[in-house]
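This report describes a complex of protein chains for a reader who has the sequence and the coordinates at hand. Please keep the display open while reading.

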Amino acid sequence: MEAARDDGEAAARGSTALSAEQTDAQLVGRCRGGDESAWSALVERFSRYVYAIALQAYRLPEHDAEDVFQEVFARVYERLGDLRDDDAVRPWIGQLTRRLCIDRLRSGGREQPADEETFAGMPAEDVIAEIEMAFDVHEALAGLSENCQEILDRFFARDESYRAIGDALELPAGTIASRISRCLVKLRTELEGRNPVPAESGG
Amino acid sequence: MRNYDEETLALLLRTLSAAPEAWVKAAQEIPLARRGLDDIVERARADQAFREALIADTENTLEGAGYDHDPTLLDAVRERFSS
């Protein structure tokens, strides 16, 4: 039996649960209809994505990244009605974030305006590709039990120790490593179910 | 297609770390801020002096009118009345 979570954590996961149950298009549709809980879930779904692009791909300083982060979601909120394909919300948000990051870099204390070529190679495409893959993994994570989601997120994304995780989830710290390992296996199964790995060719 | 071994998964899970809670909360409150914006726009339509004060000094006018300091709302009001 998995440990019970306290009310605060359960409440905090409310919009996560909503987010996990809904496709991007469903969330967008509900946002467009004025459903504020859907908006919260949409922000939560894409917050790490926007954050990663600003910080890792464009290496913006924290205060610039915060401005871009808020601007991205303000524009998404204003322009959601213009989105033609609700399933395309992720590439739309990605593109918007990239554009605003470049705008920020252009305006950031440069003596002379930078030309297009200055940013042509930025960001490194492999960083963006890694963020996209990480987003897929994060989406797959939402398909696991809440306990697995919590353990993997706390350990890898929040960098918490076994002890901190054990304390938070009321689990013996000595069992956390084996739980992480089991949850990773489940996550891999979930991912491979979504994206089957082709059989290895011989030789 | 990617082979998701344990090391790869760990790397990808670390890549997407959580955004600061305050940022996420502020973004989640955009609809709330926009409702405040609608009220302000409505009042500015009805009250010319309020409108002029808003254009001259947005931050202090809003504060004087009882709105909590909210950078998102402030930017939205400035943008709305900038032209």
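The report treats confidence, the two chains, one helix, two loop residues and the contact between the chains.

**Confidence**

The model is predicted. For the complex, the predictor gives an ipTM of 0.77 and a pTM of 0.73. In chain A, confidence is lowest in helix α1 (residues 7-12), with a mean pLDDT of 37, and highest in α5(A), with 95. Residues 1-17 of chain A have a pLDDT below 50, and this stretch has 11 contacts in the model beyond near neighbours in sequence. Where pLDDT is low, the predicted coordinates should not be read in detail.

**The two chains**

Chain A contains 10 helices and 0 strands, while chain B contains 6 helices and 0 strands. The table sets out further values for each chain.

| Chain | Residues and buried share | Mean pLDDT and share reaching 70 | Contacts joining residues at least 24 apart, among those at least 6 apart |
|---|---|---|---|
| A | 203 residues, 32% buried | mean 82, 78% of residues at least 70 | 64% |
| B | 83 residues, 28% buried | mean 87, 96% of residues at 70 or more | 52% |

Why is chain B described as more spread out than a compact globule? Its radius of gyration is 21 Å, well over the 12 Å that the globule rule gives for 83 residues, so chain B is more spread out than a compact globule. The C-alpha trace of chain B spans about 65 × 25 × 20 Å along its principal axes.

**Helix α6 of chain A**

Helix α6 of chain A covers residues 89-107. Its 19 residues reach 27 Å from the first C-alpha to the last, close to the 27 Å expected at 1.5 Å a residue. Which residues of α6(A) are buried? They are A:Val89, A:Trp92, A:Ile93, A:Gly94, A:Thr97, A:Arg98, A:Leu100 and A:Cys101. An α-helix has 3.6 residues a turn, so residues three or four places apart point the same way. The buried residues of α6(A) pack against α3 (24-32), α4 and α5 of chain A.

**Two loop residues with positive phi**

Most residues other than glycine have a negative phi. A:Asp159, in the loop between α8 and α9 (162-169) of chain A, has a positive phi near 60 degrees. A:Asp159 counts as exposed because 10 other C-beta atoms lie within 10 Å, and the cut-off for an exposed residue is 12 or fewer. A:Glu170 lies in the loop between α9 and α10 of chain A, and its phi is also positive, near 55 degrees. With 11 other C-beta atoms within 10 Å, A:Glu170 is exposed by that cut-off of 12 or fewer.

**The contact between the chains**

How many residues does each chain bring to the contact? Chain A gives 34 residues and chain B gives 23 residues. On the side of chain A that touches chain B, the elements giving two or more residues are α4 (36-57), α5 (62-79), α7 (125-141), α8 (146-157) and α10 (176-194) of chain A. Helix α4(A) supplies the largest share of that side, 9 residues. By type, the residues on this side of chain A are 21 nonpolar, 5 polar and 8 charged.

How values were computed:
Residues numbered from 1 in each chain as written. Chains lettered and ligands numbered in written order. Predicted model: local features only at pLDDT ≥ 70, side-chain atom pairs only at ≥ 80, totals over all residues. Contact = placed C-beta atoms within 7 Å. Helix = DSSP H or I, 4+ residues; strand = E, 2+ residues; numbered from the N terminus. Nonpolar A, V, L, I, M, F, W, Y, C, P; charged D, E, K, R; others polar. pLDDT = per-residue confidence, 0-100. Rg over C-alpha atoms; globule rule 2.2 N^0.38 Å. Buried ≥ 20, exposed ≤ 12 C-beta atoms within 10 Å, placed from the backbone. Expected span 1.5 Å × (residues − 1).
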